[in-house]
Amino acid sequence: MSIALALLAASTPQAAQLPQIALHDRNIRAGDLAVIAGREDAVLAALPKGQDTVKIDVETARRLLTNRLPGSAFTLRFSSSVTLAAPAQSPRNGTCFAAHNDINSGALVMEADVRETACSDEKRAAGLAYDRNRKAPMAKRGISSGAYLGQVKPAREAVTGKGSRVTFRTAAGPVMIERSVEVLQPARAGERVFARTEDGEVISAPLIGDQETPE
């Protein structure tokens, strides 16, 4: 990791003129640099302390990916140097969070899971990743109640998980037909979801509200 950071530190004043990639936080993840199935959230390095942007070229990007994820196939998202930029920092005004209860590994961080706490540069935030499919932060590993989370933005909406059973409604003239179907991927209200009917047919429809059916 120290070698990677040394390479990344070679930013220049011209970096702002390059195409820019916005990072989710100060970590540089595989998915920020490349299309790499199943390893998008792997952390390759972090922005050097005191810098909110850094220039990275194709050779350095390839080196980071192959050193951190040897053997993984990937396609870079850019063909020339780019600027990696940290998100704008909110003022330290007490809007950081700590875990209100235990959060399981892989679970989304919901509003009910957190409580406000004073921000701190001394505490290390618990390991979180951004789930691009569910568009919300999730726990990379189990998080204990009271753990400092930093300035995470918890998910507000309940998520219907893969394998959940929901009611699929279709209209046949004046008649409404209802069928119980199995959701094939996590989704939130308003998102289009794939589901399997009891006879094996795969259908696609928008998820409307909380429609989970009892087992």
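**Close-up views of salt bridges, strand pairing and a charged patch**

Asp52 is partly exposed, with a relative accessible area of 47%. This is a residue of a predicted model, as are those in every view below.

**View A. Asp52 and Arg26 form a salt bridge between two loops.** Their side chains meet at 2.8 Å, N to O. Asp52 sits in the loop between β4 and β5 (53–56), and Arg26 in the loop between β1 (20–22) and β2 (27–29), so the contact ties together parts that are 26 residues apart in sequence. Arg26, at a relative accessible area of 28%, is partly exposed. The search of the whole structure that found this kind of contact gives 3 salt bridges.

**View B. Asp25 and Arg29 form a salt bridge.** The N to O distance between the side chains is 2.9 Å. How accessible is each partner? Asp25 has a relative accessible area of 21%, which makes it partly exposed. Arg29 has 3% relative accessibility and counts as buried. The cut-off for buried is under 20% relative accessible area.

**View C. Arg63 and Glu59 form a salt bridge within helix α3.** The side chains come together at 2.8 Å, N to O. Helix α3 spans residues 58–68, and the two residues are 4 apart in it, so about one helical turn separates them. Arg63 is partly exposed at 31% relative accessibility. Glu59 is exposed, with a relative accessible area of 53%.

**View D. β14 and β15 form an antiparallel hairpin.** Strand β14 covers residues 165–172. It is joined to β15 by 8 bridges. Thr167 has Ser180 of β15 as its bridge partner. The hairpin has 2 residues between its strands. In the turn, Gly173 has a positive phi of about 65 degrees.

**View E. β17 pairs with β15 and with β18.** Strand β15 (residues 175–183) and β17 run antiparallel, with 2 bridges between them. Here the partner of Val183 is Ala195 in β17. Strand β18 (residues 202–206) also pairs with β17 in the antiparallel sense, over 5 bridges. Across that pairing, Arg196 stands opposite Val202 of β18. The hairpin of β17 and β18 has 5 residues between the strands. One of its residues, Gly200, takes a positive phi near 95 degrees.

**View F. Strand β17 has a covered face and an uncovered face.** The strand runs through residues 192–196. Which residues lie on the covered face? They are Val193 and Ala195. Arg192, Phe194 and Arg196 make up the uncovered face. Two of these residues recur in the pairing view: Ala195, from the covered face, is the partner of Val183. Arg196, from the uncovered face, stands opposite Val202.

**View G. A patch of positive charge lies on the surface.** Which residues gather in it? They are Arg39, Arg68, Arg124, Lys140 and Arg141. Arg39 belongs to the loop between β3 (34–35) and β4 (43–46). It is partly exposed, with a relative accessible area of 35%. Membership of a patch requires over 30% relative accessible area and no salt bridge, and Arg39, at 35%, meets the area cut-off.

Definitions and conventions
Residues numbered from 1 in each chain as written. Predicted model: local features only at pLDDT ≥ 70, side-chain atom pairs only at ≥ 80, totals over all residues. Heavy atoms only, no water. Patch = residues over 30% accessible without salt bridge, like charges linked within 9 Å, V, L, I, M, F, W, Y side chains within 5 Å. Areas by Shrake-Rupley, 256 points an atom, 1.4 Å probe, with all protein chains shown as cover. Salt bridge = Lys/Arg side-chain N within 4 Å of Asp/Glu carboxyl O. Lys, Arg positive; Asp, Glu negative; His and termini not counted. Charge placed at Lys NZ, Arg CZ, Asp CG, Glu CD. Buried < 20%, exposed > 50% of the residue type's maximum accessible area, 1.4 Å probe, protein only. Pairing = 2+ DSSP bridges.
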